[in-house]
Amino acid sequence: MPSVSRVVPESCLLIVVGLLVGGLIKWVGEEPPILKSNIFFLFLLPPIILDAGYFLPLRQFTENLGTILIFAVVGTLWNAFFLGGLMYAVCQLSGPNLNDIGLLANLLFGSIISAVDPVAVLAVFEEIHINELLHILVFGESLLNDAVTVVLYHLFEEFATFEQVAVIDIIFGFISFFVVSLGGVFVGVFYGVITAFTSRFTSHIRVIEPLFVFLYSYMAYLSAELFHLSGIMALIASGVVMRPYVEANISHKSHTTIKYFLKMWSSVSETLIFIFLGVSTVAGRHYWNWIFVISTLLFCLIARVLGVLVLTWFINKFRIVKLTPKDQFIIAYGGLRGAIAFSLCYLLDSAHFGMRDMFLTAIITVIFFTVFVQGMTIRPLVDLLAVKKKQETKRSINEEIHTQFLDHLLTGIEDICGHYGHHHWKDKLNRFNKKYVKKCLIAGERSKEPQLIAFYHKMEMKQAIELVESGGIGKIPSTVSTVSIQNINPKTLPVQRILPALSKDKEEEIRKILRNNLQKTRQRLRSYNRHTLMADPYEEAWNQMLLRRQKARQLEQKMNNYLTVPVHKLDSPTMSRARIGSDPLAYEPKADSENLPIITIDPASPQSPESMDLTNEEPKGCGGLPPSPEEDEEGLMMRVKEPSSPGTDDVFTPGASDSPSNQRMLRCLSDPGPRPEPEEGEPFIPKGQ
């Protein structure tokens with residue numbers, strides 16, 4: 001039913017299925033199962049986070065990391081304390097049923113409900129195909145706010161058992177935020193490096209290569225949760241760190257296995273989570289309080305909108321690409337809640353929190369409102385506001401090359417300016433990675449050999465084997481070299497070759513190799529200033545050469561004005577060039593014309609001023625000797641100019657025309673002498689000039 005799926009997101013349909021299944025189980029007299037927190041956090045959540053971290057778009061994530069951290073940390077803290085404080089005020093102003101809920105319980109409830117859920121965001125945003133910037137801002141916030149949620153949850157849960165909270169407890173709680181977040185990242189990096197190092201030695205056991213990726217990632221999550229660190233941060237860090245080195249070591253089949261198994265695993269977990277949400281809604285115990293539930297829903301929306309507006313106003317002061325009001329609306333409207341809030345609330349102890357059932361009812365109401373109302377209306381709003389959507393086609397190689405070029409250009413500009421921006425630090429990290437880390441974590445010569453050459457040999461061998469197995473060369477791919485084709489089957493190539501159709505995986509591998517092997521950033525040069533600049537020793541020689549070239553061109557232009565070559569008729573430059581090129585012997589000097597001045601003509605452009613050069617220095621009527629009758633009859637002879645040898649300069653290289661007699665001849669020709677006065681009736685400007 002495509003008409004339904006275009007209107008209702010898949011997550012909403014799964015919740016409806018869960019509601020129907022739970023109602024059916026209850027109708028037959030059985031007790032429906034409830035989504036327990038241990039099952040959710042240990043088995044259902046890790047595959048979704050690992051899939052998101054392993055295939056995280058690292059470039060967009062790192063370029064917007066500051067904005068994501070502000071939304072994730074400051075925005076979550078704002079939502080938790082704003083919502084908790086207002087809900088405490090509502091409880092104090094309402095009837096006696098809510099007066100027993102204290103400030104710490106309301107702050108704990110605010111910390112649970114304030115965090116954006118990554119599962120719900122993934123389920124909705126992947127269907128509307130929003131552009132990369134908005135997707136990574138909302139999804140990155142939902143991933144990184146886990147550390148804040150974990151710290152606030154455990155902090156207020158512990159404070160609820162204290163008789164009195166001291167200032168030192170608040171200070172320790174503030175420090176614990178850095179311990180939980182940075183500790184989770186450290187655990188993830190540690191297991192990511194171990195995974196990459198282990199993959200160096202799996203060349204003879206390719207079958208179990210994907211197992212190490214799943215095993216070490218799950219161990220990173222469990223190790224972080226064991227010490228009350230952020231398991232989500234550990235999974236993201238391990239996936240980001242291990243991926244480039246693991247993919248360089250494992251086989252192509254193992255890479256395909258990891259990719260599709262993670263997609264399948266995360267899709268199954270996501271389906272089970274939303275179905276269990278619907279079943280747990282029917283099976284759980286609920287306590288409905290109109291004032292508390294409506295106030296929770298209203299204050300969640302107000303806190304999200306105010307937080308996004310204030311933080312975006314601050315962030316836009318430092319961003320080059322500003323967040324427009326449309327972007328701010330989508331970010332605020334995309335703050336969906338999901339199963340993480342439900343599971344955290346389900347973990348609360350009923351002995352210390354007697355109002356847990358009311359908290360669960362309010363949280364389920366907020367989840368249903370955000371998933372159903374906001375999830376169903378965000379697609380029409382995106383179309384109505386004409387928000388830029390994600391490009392369906394991949395970027396071309398030309399775009400990727402120019403992106404890399406701009407990165408190198410900005411790195412060089414930052415080096416010259418002395419500004420240590422993120423391009424500078426990214427270049428430093430890439431150099432350190434290439435110089436030290438790759439040699440330790442990538443097996444064999446793969447860390448030194450260009451990946452493009454290795455991939456070409458790999459593809460050539462594969463195509464050659466397939467060609468031999470097929471028993472013919474009817475379809476020869478363009479990637480196979482002629483040498484290997486002759487070694488396989490020495491037959492003539494067909495006239496029309498059929499180009500192979502590359503699969504998407506192979507095309508993506510070629511794109512990645514081209515990105516990694518583009519021109520690297522230049523090596524850092526010594527810093528300099530205007531006081532230590534040295535004079536260029538070649539600058540004076542270049543200036544002299546340019547001046548001599550300019551003088552030679554001016555002289556040849558003057559000669560062209562006073563020397564004429566007698567021809568039978570005026571031809572166009574194309575006809576003259578064709579005649580000289582077709583019969584160059586016709587312009588060779590005659591046997592009895594050794595003493596005649598010869599003008600050499602360049603066949604490339606016979607009528608250009610630069611194509612004439614005097615090679616015979618015998619003057620004709622200007623050196624004191626009268627011209628002979630034979631010379632008057634024969635005129636000037638033309639000879640095809642010999643091309644100059646490569647690497648020589650026609651200005652600095654001495655030739656026959658550089659003798660003193662040649663120079664006197666040129667001066668004589670360049671000075672025509674006094675011109676007679678024009679007679680009456682003649683025009684002031686003679687014809688032909």
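Let's start with one residue, Asp51: its relative accessibility is 11%, so it counts as buried, the cut-off being under 20%. Keep in mind as you look around that this is a predicted model. Asp51 has a partner, Lys263, and the two form a salt bridge in which the closest N and O atoms are 3.6 Å apart. Lys263 sits in helix H12 (residues 252–283) while Asp51 belongs to helix H3 (residues 37–54), so this pair ties together parts that lie 212 residues apart in sequence. Unlike buried Asp51, Lys263 is partly exposed, because its relative accessible area comes to 38%.

That pair is part of a bigger tally: the structure holds 9 salt bridges. Side chains of opposite charge can pair when their charged atoms come close. Take Arg59 and Glu63, whose side chains meet in a salt bridge at 3.3 Å, N to O. Both of them lie in helix H4 (residues 58–63), 4 residues apart, which is about one turn of the helix. Arg59 is partly exposed at 29% relative accessibility, and Glu63 is partly exposed too, with 40%.

Now hop over to Lys426 and Asp407, where the side chains meet in a salt bridge of 3.9 Å, N to O. Lys426 is in helix H18 (residues 422–441) and Asp407 in helix H17 (residues 397–417), so here the pair ties together parts 19 residues apart in sequence. Lys426 is partly exposed, with a relative accessible area of 30%, whereas Asp407 counts as buried at 8%. And there's a link between these two stops on the tour: Arg59, Glu63, Asp407 and Lys426 are joined in a network of salt bridges.

Next, the nonpolar side of things. In soluble globular proteins, nonpolar side chains tend to be buried together. Here the largest nonpolar core has 113 residues, and the ones touching the most other members are Phe40, Leu45, Ile101, Ile112 and Phe292. Helix H8 (residues 132–159) gives this core its largest share, 16 residues. To get a feel for one of those well-connected members, pick out Ile101: leaving out residues up to four places away in sequence, it touches Tyr88, Cys91, Gln92, Asn106, Phe292, Met355, Met358 and Phe359. There is also a second, separate core of 7 residues, with Tyr216, Ala220, Ala224 and Leu229 among them.

Ala224 turns up again when you look at Ser230, which is in contact with Asp146, Ala147, Val180, Gly184 and Ala224, leaving aside neighbours within four places in sequence. Ser230 is found in the loop between helix H10 (209–226) and helix H11 (231–249). Is Ser230 buried or exposed? It counts as buried, because its relative accessibility is 0%.

What about the cysteines? Cys12 is buried at 0% relative accessible area, and Cys300 is buried at 5%. The structure holds 0 disulfides.

Finally, how much should you trust what you see? The mean pLDDT of the protein is 76, and 69% of its residues reach 70 or more. Among the elements, H10 has the highest mean pLDDT, 94, and helix H20 (residues 482–488) the lowest, 40. Over residues 603–638 the pLDDT is below 50, though this stretch has 89 contacts in the model beyond near neighbours in sequence. Residues 643–653 also stay under 50, with 10 contacts beyond four places in sequence. Where pLDDT is low, the predicted coordinates should not be read in detail.

Note on methods: Residues are numbered from 1 along each chain as its sequence is written. This is a predicted model: local features need pLDDT of at least 70, side-chain atom pairs count only at pLDDT 80 or more; totals for chains, interfaces and linings use all residues. Side-chain values use heavy atoms; hydrogens and water are left out. Helices (H or I, at least four residues) and strands (E, at least two) are DSSP runs, numbered from the N terminus. Buried means under 20% relative accessible area, exposed over 50%, partly exposed in between (1.4 Å probe, protein chains only). Contact means heavy atoms within 4.5 Å. A nonpolar core is a set of buried Ala, Val, Leu, Ile, Met, Phe, Trp, Tyr and Cys residues joined through side-chain atoms within 4.5 Å. A disulfide is a pair of cysteine sulfur atoms within 2.5 Å. pLDDT is the predictor's confidence in each residue, from 0 to 100. A salt bridge is a side-chain nitrogen of Lys or Arg within 4 Å of a carboxyl oxygen of Asp or Glu.
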